[in-house]
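Here's a walk through one protein model, written for someone who would rather look at side chains than at software output. Have the structure open while you read.

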Amino acid sequence: MSNQQELSTKHLLGIKYINADDINLIFDTAVNFKEVINRPIKKVPSLRDVTIANLFFENSTRTKISFELAEKRLSADVVNFSSSGSSLKKGETLLDTVNNILSMKVDMVVMRHPAPGAHVFLANHIEANIINAGDGTHEHPTQALLDAFSMQEKLGSLKGKKIVIVGDIMHSRVALSNIYCLQKLGAKVKVCGPPTLLPKYIDTLGVEVEYDLRKALNWCDVANVLRIQLERQEIKYIPSLREYAQFYGINKELLDSLDKEIVLMHPGPINRGVELSSDAADSHHSIILQQVENGVAIRMAVLYLLSGKRA
Ligand code: NCD
């Protein structure tokens with residue numbers, strides 16, 4: 001339960017910039033919205049007359065649909081923009097693109113952008129509430145919120161719970177946001193992956209490193225498994241995907257051979273046969289589809305609470 005009635009910030013730029021009370025307030029609000037989206041009539045009028053622009057300068061399926069659904073369930077007016085086919089290709093700057101959109105009286109901006117920190121830049125220049133839907137390899141706050149919310153739903157309070165994040169820690173924005181979020185909620189966090197996919201600054205994040213996947217899985221309550229971000233790797237960090245799967249891939253046989261039952265998560269999209277085999281991804285360990293359902297409720301909560309901070 002949160003001790004706050006409202007968020008401490010008017011933007012969601014990253015988990016780094018919010019506190020545990022903010023996170024708990026978002027969770028409490030998401031519980032209510034989850035109930036709403038399971039009703040026969042899934043819509044509430046909370047954001048009527050609020051206009052939201054979804055600006056996606058990078059590919060997305062899940063996150064974009066999830067935000068759009070959340071906005072529509074809250075009765076907001078929604079405009080969508082994606083960089084392919086836009087004037088960005090003609091050389092327009094980010095600030096000019098966004099200022100033009102804001103001239104059309106947009107109140108909130110949900111943005112995915114390849115440049116880390118693009119959202120901080122925007123928040124310094126425009127009045128609208130800014131929500132980070134992923135900034136390059138940096139943060140993906142709503143993903144971390146929905147991940148932690150799904151873990152809490154399954155396990156109760158995360159205080160003292162053991163979470164391992166497996167895979168491409170260096171290039172994954174989900175990893176960094178998860179680390180910040182889980183630590184703020186009192187969980188113990190380990191990371192596990194090949195040394196070449198762990199960032200050099202990992203020691204500064206207060207997480208332990210375990211290179212042995214079996215040991216990591218035997219330690220944890222939850223394994224949050226990440227995709228190898230091949231599109232962000234300009235050089236080869238692993239010899240081959242086949243070798244990666246051999247050392248860091250999780251299959252049902254491995255799960256069944258552990259000392260205890262663990263919960264398996266993945267933000268999607270899954271590369272089946274690489275980080276997860278199909279029999280693991282579709283097993284009773286997995287809460288991957290619950291994560292997706294919770295994503296809509298979490299994003300409704302974030303949008304609703306931030307809209308209350310519009311000055
Ligand atoms: C993640 C992302 O885009 O960072 N996916 C998502 O938002 N559902 C993870 C990924 O692309 O591997």
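## Charged pairs first

The side chains of Glu-231 and Arg-227 come together in a salt bridge, 2.8 Å from N to O. A salt bridge here is a side-chain nitrogen of Lys or Arg within 4 Å of a carboxyl oxygen of Asp or Glu. Before going on, note that this is a predicted model, where local features need pLDDT of at least 70 and side-chain atom pairs count only at pLDDT 80 or more, while totals for chains, interfaces and linings use all residues. Residues are numbered from 1 along each chain as its sequence is written, and side-chain values use heavy atoms, with hydrogens and water left out.

Glu-231 is exposed, with a relative accessible area of 52%, whereas Arg-227 counts as buried at 17%. The cut-offs: buried means under 20% relative accessible area, exposed over 50%, and partly exposed is in between (1.4 Å probe, protein chains only).

By the salt-bridge rule, the count comes to 11. Three of the pairs are set out here.

| Pair | Closest N to O |
|---|---|
| Glu-231 and Arg-227 | 2.8 Å |
| Glu-58 and Arg-173 | 2.9 Å |
| Glu-58 and Arg-232 | 3.1 Å |

Which residues do shared partners join into one network? Glu-58, Arg-173 and Arg-232 are linked that way through their salt bridges. Glu-58 sits in the loop between strand 1 and helix 2, and Arg-173 is in helix 6 (residues 173-184), so this pair links parts of the chain 115 residues apart. Arg-232 lies in the loop between strand 8 (222-225) and helix 8 (241-248), so its pairing with Glu-58 ties together parts that are 174 residues apart in sequence. Helices (H or I, at least four residues) and strands (E, at least two) are DSSP runs, numbered from the N terminus.

Are these three buried or exposed? Glu-58 counts as buried at 17% relative accessibility, Arg-173 is buried at 8%, and Arg-232 is buried too.

## Two helices

Helix 2 (residues 62-73) has 12 residues and spans 16 Å from its first C-alpha to its last, close to the 16 Å expected at 1.5 Å a residue. That expected span is 1.5 Å times one less than the number of residues. Its buried residues are Thr-63, Ser-66, Phe-67, Ala-70 and Glu-71. Looking down the axis of helix 2, they fall within an arc of 130°, so they line one face; the arc is taken from the directions from the helix axis to the C-beta atoms. What covers them includes strand 1 (51-56), strand 2 (77-82), helix 5 (141-155) and helix 11 (288-307). Just past helix 2, Ser-75 takes a positive phi of about 65°.

Helix 5 has 15 residues and reaches 21 Å, close to the 21 Å expected. It is mostly covered, with 11 of its 15 residues buried; among them are Pro-141, Gln-143, Asp-147 and Phe-149. Just after helix 5, Gly-156 has a positive phi of about 80°.

## The nonpolar cores

A nonpolar core is a set of buried Ala, Val, Leu, Ile, Met, Phe, Trp, Tyr and Cys residues joined through side-chain atoms within 4.5 Å. The largest one has 64 residues, and Ile-26, Leu-145, Ile-298 and Leu-303 have the most contacts inside it. Helix 11 gives the largest share of this core, nine residues. Apart from it lies another core, of 27 residues, including Ile-228, Ile-238, Tyr-244 and Ala-280.

What does Leu-145 touch? Among its contacts (heavy atoms within 4.5 Å) are Leu-12, Ile-26, Cys-181, Ile-298 and Val-302, leaving out residues up to four places away in sequence.

## Strands

An open sheet of five strands runs in the order 7-6-5-8-9, with parallel pairing. Two strands pair if DSSP finds at least two bridges between them. Strand 7 (208-209) and strand 9 (263-265) stand at the edges with a single partner strand each, so one side of each has no neighbour in the sheet. Five bridges join strand 5 (residues 162-166) to strand 6 (residues 188-192), and Ile-163 has Val-189 in strand 6 as its bridge partner.

Strand 3 (108-113) and strand 4 (129-135) also pair in the parallel sense over five bridges, with Val-109 partnered by Ile-130 in strand 4. Seven of the seven residues of strand 4 are buried, so that strand is largely enclosed by the rest of the structure.
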